[in-house]
Amino acid sequence: MQNSQRVAPLCTQVDIGPMTSAGLPTAPPVANGEVTQLLRDILSAQDRNNAILEQMLEHFTLRQKQRRSELSRWQDAYPQLTGQCRSAAEALGKVQNEFLGTLASEVNSNYEDMMDGEFVLSEFIDRFGPRMAHISGILQMLSHLGSPGDSAS
């Protein structure tokens with residue numbers, strides 16, 4: 001047989017402060033000047049945050065403009081190399097697509113083994129991971145260097 005008696009909690013909380021008509025504790029009185037000062041403090045902190053965000057935006061914008069300017073100078077100095085990078089990026093993109101097809105086929109045919117055994121997953125990562133990372137890095141560099149010059153800078 002089960003004992004269905006309820007056990008009273010060992011700790012209780014008693015609020016002895018003033019209560020509203022609904023039986024809820026009232027908020028402590030706050031002077032009008034305290035609220036105004038609190039709002040001023042919040043506004044001041046928000047202004048500081050905005051100033052920091054503006055500085056960060058200026059910093060990133062300046063770095064972006066500097067990189068764009070350097071790339072434009074490089075492209076002007078080596079126009080033939082820019083064209084070669086562009087065509088190499090297109091060719092390597094095709095190689096990457098073929099590689100991704102092989103990778104996807106491998107995953108689709110062996111995903112259950114990869115889920116069940118860590119060895120198969122590790123073998124897959126060792127086989128495809130470094131190549132994918134290197135191809136992607138080289139392709140990104142070639143695409144960046146072979147991109148058309150930005151006339152807005």
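Biologist: What is meant by the bend at a residue?

Modeller: Two axes are fitted, one to the seven residues ending at that residue and one to the seven starting there. The bend is the angle between these axes.

Biologist: Where does H3 bend, and by about how many degrees?

Modeller: This is a predicted model. A proline, proline 130, follows the bend within four residues. The bend is centred in the sense just defined, and in H3 it lies at phenylalanine 128, with a value of about 30°.

Biologist: Which secondary structure elements does the chain have, and in what pattern?

Modeller: The chain has zero strands and three helices. Read along the sequence, the pattern is therefore written with helices alone: α-α-α.

Biologist: How far apart are the end C-alpha atoms of H3, and what span should its residues give?

Modeller: H3 covers residues 118-146, which is 29 residues. At 1.5 Å a residue they should span 42 Å. The distance between the end C-alpha atoms agrees with this, at 40 Å.

Biologist: Where is the kink in H2, and what distance does the helix reach?

Modeller: H2 has 38 residues, for which 56 Å is expected at 1.5 Å a residue. A kink of about 70° is centred on asparagine 110. From first C-alpha to last, H2 reaches a distance close to the expected one, 52 Å.

Biologist: Against which helices do the buried residues of H3 pack?

Modeller: The buried residues of H3 include Phe124, Phe128, Met132 and Ile135. Leu139, Leu142 and Gly146 are also buried in H3. These buried residues pack against helix H1 (32-77) and helix H2 (79-116).

Biologist: How many residues has the largest nonpolar core, and which helices each supply at least two of them?

Modeller: Among the core residues are Cys85, Ala89, Leu92, Phe99, Leu103 and Met114. Phe124, Phe128, Met132, Ile135, Leu139 and Leu142 also belong to it. The core has twelve residues, and at least two each come from H2 and H3.

Biologist: Is glutamine 96 buried or exposed?

Modeller: Glutamine 96 lies in helix H2. Leaving out residues up to four places away in sequence, glutamine 96 touches Met132, Ile135, Ser136 and Leu139. Its relative accessible area is 13%, and buried means under 20%, so glutamine 96 is buried.

Biologist: How are H1 and H2 oriented to each other?

Modeller: The axes of H1 and H2 are 5 Å apart, and the helices pack at an angle of about 105°. Angles of 65 to 115 degrees count as roughly perpendicular. H1 is therefore, relative to H2, roughly perpendicular.

Biologist: Which residues of H1 and H2 make that contact?

Modeller: H1 contributes Trp74, Gln75, Asp76 and Ala77. From H2 come Pro79, Leu81, Thr82 and Cys85.

Biologist: How are H1 and H3 oriented to each other, and which residues meet?

Modeller: The axes of H1 and H3 come within 9 Å and cross at roughly 75°, so the two helices are roughly perpendicular. Arg67, Leu71, Trp74 and Gln75 in H1 meet, in H3, His144, Leu145 and Gly146.

Biologist: With which residues is cysteine 85 in contact, leaving aside neighbours within four places in sequence?

Modeller: Cysteine 85 is one of the buried residues of H2, and the buried residues of H2 pack against H1 and H3. The contacts of cysteine 85 are Trp74, Leu142, Leu145 and Gly146.

Conventions
Residues numbered from 1 in each chain as written. Predicted model: local features only at pLDDT ≥ 70, side-chain atom pairs only at ≥ 80, totals over all residues. Heavy atoms only, no water. Expected span 1.5 Å × (residues − 1). Buried < 20%, exposed > 50% of the residue type's maximum accessible area, 1.4 Å probe, protein only. Contact = heavy atoms within 4.5 Å. Core = buried A, V, L, I, M, F, W, Y, C linked by side-chain atoms within 4.5 Å. Axes fitted to C-alpha atoms, helices over the stretch in contact; angles between N-to-C directions. Parallel < 35°, antiparallel > 145°, perpendicular 65-115°, else oblique.
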